[in-house]
Amino acid sequence: MTTDNRQAIIHLAHDALAFADQISTDWPAEKQLTHLREQIALARKHLESEPDDAIKQVQADAVMHFMATPVGAYEAGFVDTPLCTIAELYQVARNHVKDNYGVETRSLAEEMGENFARECMGRPAVNDVINERLRQVNAEGWTPEHDDQYGMGDMAEAAACYAVSTSLSDRPWETYWPWADEWWKPTTPRRNLVKAGALILAEIERLDRVEQKEGEQHEA
């Protein structure tokens, strides 16, 4: 190993150790100790590795650290849904860099242009349907186990009521509603369609589970 390479590895090791200085004083002692041990282990790995391997490991650590950022943002409640668009992921990274390193970075639009940034925002209608489905599961308790109780097309029928009531609101669609009246909650046309889409998604998922179960039984 050349002197220059050795110095580069030592520099990487020092960086890993210096990161330990960023330990929050609010952390419990056990968490601080765990963090410090992780940084020491990382430094040793750099010192014991060949230059190419060390650089690859640093790059790999950087990528995984980046991916841990949106995960942590979701766990902390900074992101409302695990279904992040590229634009949201980019913004999470910008916020992380600013909050942790004090560095201001360019927005996605500034970096790549307005049209590209707009494409990366995804399709709001699709996102709303998926988020409504997640809300039904997390807030209403409509889990897969719950949905599997409705094997007679109830969810598809409920979706149809919401969808058709949007354009034919003068008809008593609640009379076709498959469940108790208290669950019939039409609001605006768009919101009704979002609910319909989420219910259709739930029914498709239920049918997929039925098909999977039948396939497993057939193989057995």
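A search of the whole structure, which is a predicted model, finds 7 aromatic pairs. The two described here are both edge-to-face, a class that requires planes over 60 degrees apart.

| Pair | Centre to centre | Angle between planes |
|---|---|---|
| Trp142 and Trp179 | 4.8 Å | 65° |
| Tyr162 and Trp177 | 5.3 Å | 80° |

Trp142 and Trp179 link distant parts of the chain: Trp142 lies in the loop between α7 and α8, and Trp179 in the loop between α9 and α10, 37 residues apart. Both of these residues are buried.

Tyr162 and Trp177 also join distant parts of the chain, with Tyr162 in helix α9 and Trp177 in the loop between α9 and α10, 15 residues apart. Tyr162 has a relative accessible area of 4% and is therefore buried. Trp177, at 8%, is buried as well. The residues of both pairs belong to one aromatic cluster, which also includes Tyr150 and Trp184.

Helix α10 spans residues 189-219. Its 31 residues reach 45 Å from the first C-alpha to the last, close to the 45 Å expected at 1.5 Å a residue. The buried residues of α10 include Val194, Ala198, Leu199 and Ala202, along with Lys195, Glu203 and Arg206. Their cover includes α7 (124-138), α8 (144-147) and α9 (154-167).

On the surface, Val63, Met64, Phe66 and Met67 form a nonpolar patch with about 380 Å² of accessible area together. Phe66 belongs to helix α3 (residues 51-76). Its relative accessibility is 36%, so Phe66 counts as partly exposed.

Notes:
Residues are numbered from 1 along each chain as its sequence is written. This is a predicted model: local features need pLDDT of at least 70, side-chain atom pairs count only at pLDDT 80 or more; totals for chains, interfaces and linings use all residues. Side-chain values use heavy atoms; hydrogens and water are left out. Helices (H or I, at least four residues) and strands (E, at least two) are DSSP runs, numbered from the N terminus. The expected span of a helix is 1.5 Å times one less than its number of residues. Buried means under 20% relative accessible area, exposed over 50%, partly exposed in between (1.4 Å probe, protein chains only). Contact means heavy atoms within 4.5 Å. Patches are made of residues with over 30% relative accessible area and no salt bridge: like charges are joined within 9 Å, nonpolar side chains (Val, Leu, Ile, Met, Phe, Trp, Tyr) within 5 Å. Accessible areas come from the Shrake-Rupley method with a 1.4 Å probe; for residues, only the protein chains shown count as cover. A salt bridge is a side-chain nitrogen of Lys or Arg within 4 Å of a carboxyl oxygen of Asp or Glu. Rings of Phe, Tyr and Trp (its six-membered ring) pair if their centres lie within 6.5 Å; planes under 30 degrees apart count as stacked, over 60 as edge-to-face and the rest as tilted.
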